[in-house]
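Colleague: Before I rely on this model, I would like to hear how its descriptions are justified. Could you take me through the reasoning, term by term?

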Amino acid sequence: MIELRGVKKRFGSQVVLDGVDFDVREGETVALLGPSGTGKSVLLKTVIGLIRPDAGQVIVDGKDVPHLKRAELSELRKTIGYVFQNGALFDSLDVYENVRLGIVDESKFKDEKYARERVAQCIKLVNLQPDAVMSQFPAQLSGGMRKRVGIARAIAGEPKYLLYDEPTSGLDPVNADIIDALVQRLDQELGVTSVMVTHDVRGAFRVANRLALLSEGKVVMQGTPQEFLASEHPKVKAFLERDFDNTQFAA
Ligand SMILES: Nc1ncnc2c1ncn2[C@@H]1O[C@H](COP(=O)(O)OP(=O)(O)O)[C@@H](O)[C@H]1O
Ligand SMILES: [Mg+2]
């Protein structure tokens, strides 16, 4: 379980998170929505201890993340797969080595036979062909393929949690749908608990059991897709209408 209580974060005079309460329960897929620049990535980074809040609590599996010692934090991070917004693949490493970096257990990482098998397995899980892509370099892949390799790396360490930062941003609608379907399938097949940060309302509604809307430093609503659609909250309505209009506009 992931619990954020009253989390605050500012950069200089800019208040980004202003008392965020946010929960993710075991087995859920939660979409964290919000316009660009509202602090979605910052929030996600507090969960893995990459950003330390100024105030409030970040608790993962009962552990107080901002106050963990280095060794404890690195143990906790082994249970969390993180899909970075830009894929964050290493250009100088081929797909095999990139995905292998996701194997967090040191002895498994060094075991060449295990690593080959695990990497091939993860590449198949994201609907790519190991024989075709393992020896390719990130620059040789399409945007959608790079996103999938990023996801393969995140699952390679058999995480309990998967945190996706905008997994469909920059993709065309067809490839975005493929990634959304993949997120959904991985949650079912691997039984992971996921948080998907996105500004894509359509994708969020397709994939998530529960949604949360971040706006002006706070989570203004958490609820099921049905509850969001029925909400009279002005910020929820404005966000949904804005995005549905954009979707129509783009179609
Ligand atoms: N390390 C940082 N230093 C200074 N400002 C930051 C840092 N990280 C994020 N910000 C600022 O915090 C705000 C929220 O950023 P971000 O979480 O990336 O937004 P989102 O992911 O919702 O688009 C932005 O204005 C961004 O410039
Ligand atoms: Mg972001």
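Modeller: What follows is a set of questions and answers on the ligand site and on the strands, and please keep in mind that this is a predicted model.

Colleague: How do you know that Gln 14 makes a polar contact with ligand 1?

Modeller: A polar contact needs a pair of N or O atoms within 3.5 Å. An N or O atom in the side chain of Gln 14 is 2.8 Å from an oxygen atom of ligand 1, so the pair meets that cut-off. Ser 41 qualifies as well, with a polar side-chain atom 2.9 Å from an oxygen atom of the ligand, and for Thr 38 a polar backbone atom is 3.2 Å from a ligand oxygen. As for cover, ligand 1 taken alone exposes 560 Å², of which the protein buries 60%.

Colleague: What makes a residue part of the shell around ligand 1, and which elements supply at least two of its residues?

Modeller: One of its heavy atoms must lie within 4 Å of the ligand. The residues around ligand 1 include Phe 11, Pro 35, Gly 37 and Lys 40. Both β2 (14-24) and α1 (40-47) supply at least two, and α1 gives the most, with 3 residues.

Colleague: How does the shell around ligand 1 divide into nonpolar, polar and charged residues?

Modeller: There are 4 nonpolar, 6 polar and 1 charged; Gly counts as polar in this scheme, so Gly 37 and Gly 39, both around the ligand, belong to the polar group.

Colleague: Why are β1 and β2 called paired strands?

Modeller: Pairing requires at least two bridges, and 8 bridges join β1 (residues 2-11) to β2, so the requirement is met, with the two strands running antiparallel. Lys 8 has Asp 18 as its bridge partner in β2. The two strands form a hairpin with 2 residues between them, and Gly 12 in the turn has a positive phi of about 60°. By the rule of at least two bridges, β1 also pairs with β4 (residues 55-60), in the antiparallel sense over 5 bridges, and there Lys 8 stands opposite Ala 55.

Colleague: What makes β6 and β10 edge strands in the open sheet of 6 strands?

Modeller: The order is β6-β7-β8-β3-β9-β10, with mixed pairing. Because β6 (80-83) and β10 (218-223) each have a single partner strand, one side of each is left without a neighbour in the sheet. Neighbouring strands of this sheet are turned by 15° against each other on average, direction ignored. For β10, 5 bridges join it to β9 (residues 210-215) in an antiparallel run, and Ala 212 stands opposite Gln 222.

Methods
Residues numbered from 1 in each chain as written. Chains lettered and ligands numbered in written order. Predicted model: local features only at pLDDT ≥ 70, side-chain atom pairs only at ≥ 80, totals over all residues. Heavy atoms only, no water. Polar contact = N/O pair within 3.5 Å; in protein donor to acceptor, adjacent residues only side chain to side chain. Areas by Shrake-Rupley, 256 points an atom, 1.4 Å probe, with all protein chains shown as cover. Helix = DSSP H or I, 4+ residues; strand = E, 2+ residues; numbered from the N terminus. Axes fitted to C-alpha atoms, helices over the stretch in contact; angles between N-to-C directions.
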